[in-house]
Amino acid sequence: MQVFVIGAGGHAKVVIDALRRAGTTVDGLVDADPGRVGSTVLGVPVLGGDEALERCDRQRTRVVNGIGAVGPADLRAKVFAAYRARGFVFATLVDPSAVVGGGVVLDEGAQILAGAVVQTGCRVGCDAIVNTRAAIDHDCHVGAHAHIAPGAVLSGDVRIGERTLVGTGATVIQGIRIGSGALVAAGAVVICDVADGARVAGNPARPIGDEDCR
Ligand SMILES: CC(=O)SCCNC(=O)CCNC(=O)[C@H](O)C(C)(C)COP(=O)(O)OP(=O)(O)OC[C@H]1O[C@@H](n2cnc3c(N)ncnc32)[C@H](O)[C@@H]1OP(=O)(O)O
């Protein structure tokens with residue numbers, strides 16, 4: 001099986017490193033920036049733009065999303081959809097230092113990174129990231145393309161909508177529902193539900209901008 005990482009920035013670097021720890025060789029990177037073609041990331045060559053993989057046998061190729069997200073993950077989701085439409089399959093990635101409980105469901109392309117903990121009964125949606133040392137307790141559902149950033153904590157039975165960012169070091173108490181395309185700021189403590197598209201920050205988390213925290 002050949003493995004290619006999409007993107008050649010910081011998240012791609014972390015993903016390559018995790019894949020190697022898991023015993024997987026990365027054959028190349030693709031990146032939309034023509035200026036990066038011919039360069040290397042951790043010794044892995046940037047082969048070209050999206051067209052670079054066109055002739056790959058889809059059955060013998062896996063791709064890994066190396067595009068990070070510091071807000072709602074619109075670009076990451078768009079790239080995932082475009083590659084799926086071209087017949088590519090995304091590899092699911094679990095860093096060997098992560099703990100994944102019994103019965104956890106990881107959908108296609110989910111990424112569980114170094115030191116993360118995903119407790120029993122959780123589901124991590126397509127292309128979602130559980131980043132470095134994030135902790136997700138029992139029975140949480142993380143939506144497709146959502147990003148649980150480094151050190152964030154979800155207590156039990158939390159729901160996170162698609163493309164939502166739960167920022168670095170944020171804490172979400174048990175049973176909370178956070179909508180799609182939302183943003184929880186770094187360090188926030190979320191004690192009430194958050195609407196689709198809302199941005200919240202602080203302890204307790206309150207809206208920044210015009211959105212409601214219900
Ligand atoms: C491996 C990796 O690197 S993964 C990366 C993960 N990254 C993150 O988690 C970053 C999450 N982003 C944040 O927390 C950002 O600060 C954001 C998105 C919430 C705000 O960013 P911006 O849109 O640029 O807003 P801005 O910095 O102008 O702040 C707007 C207001 O919110 C406040 N604010 C911003 N961030 C926070 C925060 N984390 N906690 C509390 N208040 C905050 C600001 O003080 C400001 O308040 P004011 O209007 O009273 O002055």
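**Strand pairing, ligand shell and local backbone features**

A right-handed β-α-β unit is made by strand β1, helix α1 (residues 10-21) and strand β2. The model in which this unit is found is predicted. Strand β1 spans residues 2-6, and 4 of its 5 residues are buried, so that the strand is mostly covered under the criterion of less than 20% relative accessible area.

Strand β1 has pairing partners in β5 and β2. With strand β5 (residues 61-65), β1 runs parallel, and 5 bridges join the two. Within this pair, glutamine 2 is placed opposite threonine 61 of β5. Strand β2 (residues 28-30) also runs parallel to β1, to which 3 bridges join it. Here valine 5 is the residue opposite leucine 29 of β2.

Strand β2 pairs in addition with strand β4 (residues 44-48), in the parallel sense and over 2 bridges. Valine 30 faces glycine 48 of β4 in this pairing, the two standing opposite each other. Strand β4 in turn pairs with strand β3 (residues 40-41), in the antiparallel sense over 2 bridges. In that pair valine 41 stands opposite valine 44 of β4. Strands β3 and β4 form a hairpin with 2 residues between them. Leucine 42, in the turn of this hairpin, has a positive phi of about 50 degrees.

A further set of 5 strands forms an open sheet with parallel pairing, in the order β8-β11-β14-β17-β20. Its edge strands, each pairing on one side only, are β8 (105-106) and β20 (177-178). Inside this order, strand β14 (residues 141-142) and strand β17 (residues 159-160) are paired in the parallel sense over 2 bridges. Valine 142 is opposite isoleucine 160 of β17.

Two loops that follow strands of this sheet contain non-glycine residues with positive phi. Histidine 145, in the loop between β14 and β15, has a positive phi of about 65 degrees although it is not a glycine. Its relative accessibility is 10%, and histidine 145 therefore counts as buried. Arginine 163 is located in the loop between β17 and β18 (165-166). For arginine 163, which is not a glycine, phi is likewise positive, at about 65 degrees. Arginine 163 counts as partly exposed because its relative accessibility is 26%.

Histidine 147 belongs to strand β15 (residues 147-148). With a relative accessibility of 8%, histidine 147 counts as buried. A polar atom of the histidine 147 side chain lies 2.8 Å from the backbone oxygen of alanine 69. The side chain of histidine 147 is also joined to the side chain of asparagine 131 by a polar contact of 3.0 Å.

The shell around the ligand consists of 14 residues, of which Gly167, Thr168, Ala185, Ala186 and Arg199 come nearest. By class, this shell comprises 9 nonpolar, 4 polar and 1 charged residues. Distances between polar atoms were computed for several of the nearest residues, among them threonine 168, for which a polar backbone atom is 2.8 Å from an oxygen atom of the ligand. In alanine 186, a backbone N or O atom is placed 2.8 Å from a nitrogen atom of the ligand. Arginine 199 takes part through its side chain, a polar atom of which is 3.0 Å from an oxygen atom of the ligand. On its own the ligand has 980 Å² of accessible area, and the protein covers 41% of this.

Arginine 199 falls within β23 (199-201), and proline 204 is found in the loop between β23 and β24. The peptide bond that joins asparagine 203 to proline 204 is cis, with omega about -5 degrees. Isoleucine 208 is in the segment after β24 (206-207). Since its relative accessibility is 34%, isoleucine 208 counts as partly exposed. Isoleucine 208 and alanine 198 are separated by 10 residues in sequence, and their C-alpha atoms are 8.3 Å apart in space.

Technical notes
Residues numbered from 1 in each chain as written. Predicted model: local features only at pLDDT ≥ 70, side-chain atom pairs only at ≥ 80, totals over all residues. Heavy atoms only, no water. Near = heavy atom within 4 Å. Polar contact = N/O pair within 3.5 Å; in protein donor to acceptor, adjacent residues only side chain to side chain. Areas by Shrake-Rupley, 256 points an atom, 1.4 Å probe, with all protein chains shown as cover. Nonpolar A, V, L, I, M, F, W, Y, C, P; charged D, E, K, R; others polar. Buried < 20%, exposed > 50% of the residue type's maximum accessible area, 1.4 Å probe, protein only. Helix = DSSP H or I, 4+ residues; strand = E, 2+ residues; numbered from the N terminus. Pairing = 2+ DSSP bridges. Right-handed = clockwise from strand over helix to strand, strands pointing away.
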